[in-house]
Amino acid sequence: MPASSSRESGYGQLSLHSDIVKYHNTPADGWVTMDGNVYDITLFLDQHPGGAKVLVPYLGKDITQAMKGETETGTHSHSDFAYELLDKYKLGKCSKEKPVGVKVDWSKPILRQVGGMGDKYHKWVHSFPTTDHTIRLFESDFLEWTSKCAWFVPLVFWVPILISFSLYLLLRTQQPIYRMAPLMAVGFVCWLLFEYLLHKYVFHLHTSTAKWNIFHFLAHGLHHVTPADNLRLVFPPIPATILASPVIAIGLLGFGLCDGLSMLVGFGIGYLSYDMTHYHLHHTVPKNTFMRSQKSRHMHHHYKNPNCNFGISNPLFDLVFKTLQA
């Protein structure tokens, strides 16, 4: 029977195929199975009494026999407390059966196929239908290239721009720091609200027509299908510049050159913190308590309930709008 984990959002049942579990086999993204259940033990590795190195060889594999001490290496059997501790990291059940429904040819560009899914798209995109963790979107090699972006590229592109804006304000317009700093803080908080609203109401928009399915898949659906694709976790500069243009116009026209530019610098810092945090959550093991909590909440969003934890860089507005789940 198909494996599932209940959802509160109407997305249907979560399907975690055994092939997907095998892919999560690194200390930064480590899953195991036991008795037909799937567990994300990434944040537990450095808390294991025997050290992380004991668990690393089991990542992406089944640990049922190891927990009972029935392995060739002679591992000891574990206590009831160990099983209770493991249960807090449970994602759902593991299935040997592929998610049913839509058939996709992964050897061909995906966008046209996504457009033809109709009202089945919304359920499909949250059913983890592939384990490749990289998908070809376009037939055009150039468009395919523009859709990929290394994690550091937004820093290389945007940091000089933000520094130039700041220096212009300080040296050319003589905007005083005591006025500039609070406006930057306002801009940063505006980003947090923008990030929350964008993620909740645009990135998780329920679509069913060809054009809207393609839009959603490009905007966010791709990330839920292949969340470990390290070249599609941050926003490429070209589309980011296009989307930033109306934000810049609103800031300058609505608040004037000096105040508007100050707020836009804070907004830009907020955006970069979002991109870098998002990459960090997926590809590293955070050391401080706050970031570990953010990683746990974000994985909850990906693998348990996509209708919660919309704040990536900060949970502020999840708290405000009561969408925060542990």
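**Pockets, cavities and selected residues of the predicted model**

The largest pocket has a volume of about 1,300 Å³. The structure described here is a predicted model, and the values below are computed from it. The lining of this largest pocket consists of 47 residues. Nearest to the centre of the pocket lie Phe235, Pro236, Pro239, Ala240 and Leu243. Two or more lining residues come from each of the helices α7 (141–146), α8 (153–172), α9 (177–202), α10 (210–225), α11 (237–255) and α12 (257–283). The biggest contribution is that of α11, which supplies nine residues to the lining of the pocket. In chemical character, the lining of the largest pocket is made up of 35 nonpolar residues, nine polar ones and three charged ones.

Helix α11 also holds Ile242, a residue worth a brief look of its own. Ile242 counts as exposed because its relative accessible area is 57%, and the cut-off for that class is over 50%. Ile242 and Asp19 are 223 residues apart along the chain, and their C-alpha atoms are separated by 38 Å.

Enclosed space comes next. Across the whole structure, the search returns four cavities of 30 Å³ or more. The largest cavity holds about 60 Å³ of space. Its lining is formed by His24, Ala28, Asp29, Asp40, Thr42, Pro227, Ala228, Leu281, His282, Lys295, Met299 and Tyr303. The elements that give two or more residues to this lining are α12 and α13 (289–303). Helix α12 thus appears in the linings of both the largest pocket and the largest cavity. For the largest cavity, the most is given by α13, with three residues. The lining of the largest cavity divides into six nonpolar, three polar and three charged residues.

Stepping back to the overall fold, the protein chain contains 14 helices and five strands. The chain is as compact as a globular protein of 326 residues, because its radius of gyration of 22 Å is close to the 20 Å given by the globule rule for that length. Along the principal axes, the C-alpha atoms of the chain fill a box of roughly 70 × 45 × 35 Å. Of the 326 residues, 46% are buried. Contacts in the chain can also be sorted by how far apart the partners are in sequence: among those with a separation of 6 or more, 69% join residues 24 or more positions apart. The accessible surface of the chain amounts to about 16,800 Å², and carbon and sulfur atoms account for 64% of that surface.

Several loop residues add local detail to this picture. Leu137 sits in the loop between α6 (121–125) and α7. With a relative accessible area of 3%, Leu137 is classed as buried, since the limit for that class is under 20%. Leaving aside residues up to four places away in sequence, Leu137 touches Pro109, Ile110, Leu111, Glu144, Ser147, Phe217, Leu218, Leu222 and Arg232. A separation of 24 Å lies between the C-alpha atoms of Leu137 and Lys200, which are 63 residues apart along the chain.

Asn309 is found in the loop between α13 and α14 (316–320). Like Leu137, which has a relative accessible area of 3%, Asn309 is buried, and its relative accessible area is 3%. The backbone of Asn309 has a positive phi near 55°, in a residue other than glycine. Asp35 is a further non-glycine residue with a positive phi, in this case of about 50°. Asp35 belongs to the loop between β3 (29–34) and β4 (37–40).

Pro57, finally, is placed in the loop between α2 (52–55) and α3 (64–68). Pro57 counts as partly exposed because its relative accessibility is 47%, and that class covers values between the 20% and 50% limits. The C-alpha atoms of Pro57 and Ser79 are separated by 21 Å, the two residues being 22 residues apart along the chain.

Definitions and conventions
Residues are numbered from 1 along each chain as its sequence is written. This is a predicted model: local features need pLDDT of at least 70, side-chain atom pairs count only at pLDDT 80 or more; totals for chains, interfaces and linings use all residues. Side-chain values use heavy atoms; hydrogens and water are left out. On a 1 Å grid over the protein atoms alone, a cavity is a set of points where a 1.4 Å probe fits but cannot get out, and a pocket is an open set with protein on both sides within 12 Å along at least five of seven lines; lining residues have an atom within 4 Å of a point. Grid points are joined across faces, edges and corners, and a volume is the space filled by probe spheres set on the points. Helices (H or I, at least four residues) and strands (E, at least two) are DSSP runs, numbered from the N terminus. Ala, Val, Leu, Ile, Met, Phe, Trp, Tyr, Cys and Pro count as nonpolar, Asp, Glu, Lys and Arg as charged, and the others, Gly among them, as polar. The radius of gyration is taken over C-alpha atoms; the globule rule is 2.2 Å times the number of residues to the power 0.38. Buried means under 20% relative accessible area, exposed over 50%, partly exposed in between (1.4 Å probe, protein chains only). Contact means heavy atoms within 4.5 Å. Accessible areas come from the Shrake-Rupley method with a 1.4 Å probe; for residues, only the protein chains shown count as cover.
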